[in-house]
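Student: I'm new to this one and would like a close look at a single part. Could you pick one residue, start there, and walk me outward to whatever surrounds it?

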Amino acid sequence: MGSKTAVNEFVAYDKLGQLQKEGKLDPKSVLVATYALCGFSNFGSMGIQMEVIGGLAPGRKTVASKVMLRALCAGAIACFMNATVAGILISDPVVCNSANSNSTCFRIPS
C-alpha cells in the first residue's frame, strides 16, 4: 500500500506479481491486495488533479489544494473498502497461472 501511495499502482502491482510468483502470498491475499491497489489515490494523481483543476478554475486552485490530501485519503479508503467487500464475498479465489484463452481460471462463485 505504501508503494502504491508514494509511487503509483503500477509499481505496486509489479511487486505484488513478484510476491505471487515466489509463492509468498495466499490466493485470498492476492485477491484482496489486487482490489486494494486498484485506484488512483497516490501523490502523482494529486499533481495531475491539481493541474487540471488549476486549468479549469485558476481562481479556485488554493481551495482545491487545501482539500487535496483529504481527497487522497478518501480515495484510498474507498479502495480498501472495495477490497474488504471482495474479501468477504469471495471465499475461495482461483489464481490464474496461464494467460491462454482456453483456461478456466475466471469463475464467479455461486
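Tutor: Let's start with E51, which sits in helix α4. Keep in mind that this is a predicted model. Is E51 buried or exposed? Its relative accessibility is 56%, and anything over 50% counts as exposed, so E51 is exposed. Now look along the chain to K61, 10 residues away from E51: the C-alpha atoms of the two are separated by 8.7 Å.

K61 is a handy stepping stone, since α5 covers residues 61-89. That helix has 29 residues, and from its first C-alpha to its last it reaches 41 Å, close to the 42 Å expected at 1.5 Å a residue. Follow α5 along and you'll come to a kink of about 40°, centred on V67.

Which residues of α5 are buried? They are A64, M68, L72, A76, C79, A83, A86 and G87. The cover over the buried residues of α5 includes α1 (2-6), α3 (27-37) and α4 (43-56), and α4 is the helix where we found E51. For a concrete contact, take A64: leaving out residues up to four places away in sequence, A64 touches M50 and I53.

Some of these names come back in the largest nonpolar core, which has five residues: M46, M50, A64, M68 and L72. Two elements, α4 and α5, each give two or more residues to this core. The largest share, three residues, comes from α5. So much for the inside; E51, remember, counts as exposed.

There's also a record to set beside the model. An unreviewed UniProt entry lists residues 29-48 and 69-90 under "transmembrane region". In the model, residues 29-48 are 75% helix and 0% strand, with end C-alpha atoms 31 Å apart. Residues 69-90 come out at 95% helix and 0% strand, and their end C-alpha atoms lie 32 Å apart.

Now step back to the protein chain as a whole. It has five helices and zero strands, giving the pattern α-α-α-α-α along the sequence. Of its 110 residues, 25% are buried. Among contacts with a separation of 6 or more, 62% link residues 24 or more positions apart. As for the surface, the chain exposes about 7,700 Å², and carbon and sulfur atoms supply 64% of that.

Note on methods
Residues are numbered from 1 along each chain as its sequence is written. This is a predicted model: local features need pLDDT of at least 70, side-chain atom pairs count only at pLDDT 80 or more; totals for chains, interfaces and linings use all residues. Side-chain values use heavy atoms; hydrogens and water are left out. Helices (H or I, at least four residues) and strands (E, at least two) are DSSP runs, numbered from the N terminus. The expected span of a helix is 1.5 Å times one less than its number of residues. The bend at a residue is the angle between axes fitted to the seven residues ending there and the seven starting there. Buried means under 20% relative accessible area, exposed over 50%, partly exposed in between (1.4 Å probe, protein chains only). Contact means heavy atoms within 4.5 Å. A nonpolar core is a set of buried Ala, Val, Leu, Ile, Met, Phe, Trp, Tyr and Cys residues joined through side-chain atoms within 4.5 Å. UniProt positions are given in the numbering used here, feature names are shortened, and annotations may be inferred rather than shown by experiment. Accessible areas come from the Shrake-Rupley method with a 1.4 Å probe; for residues, only the protein chains shown count as cover.
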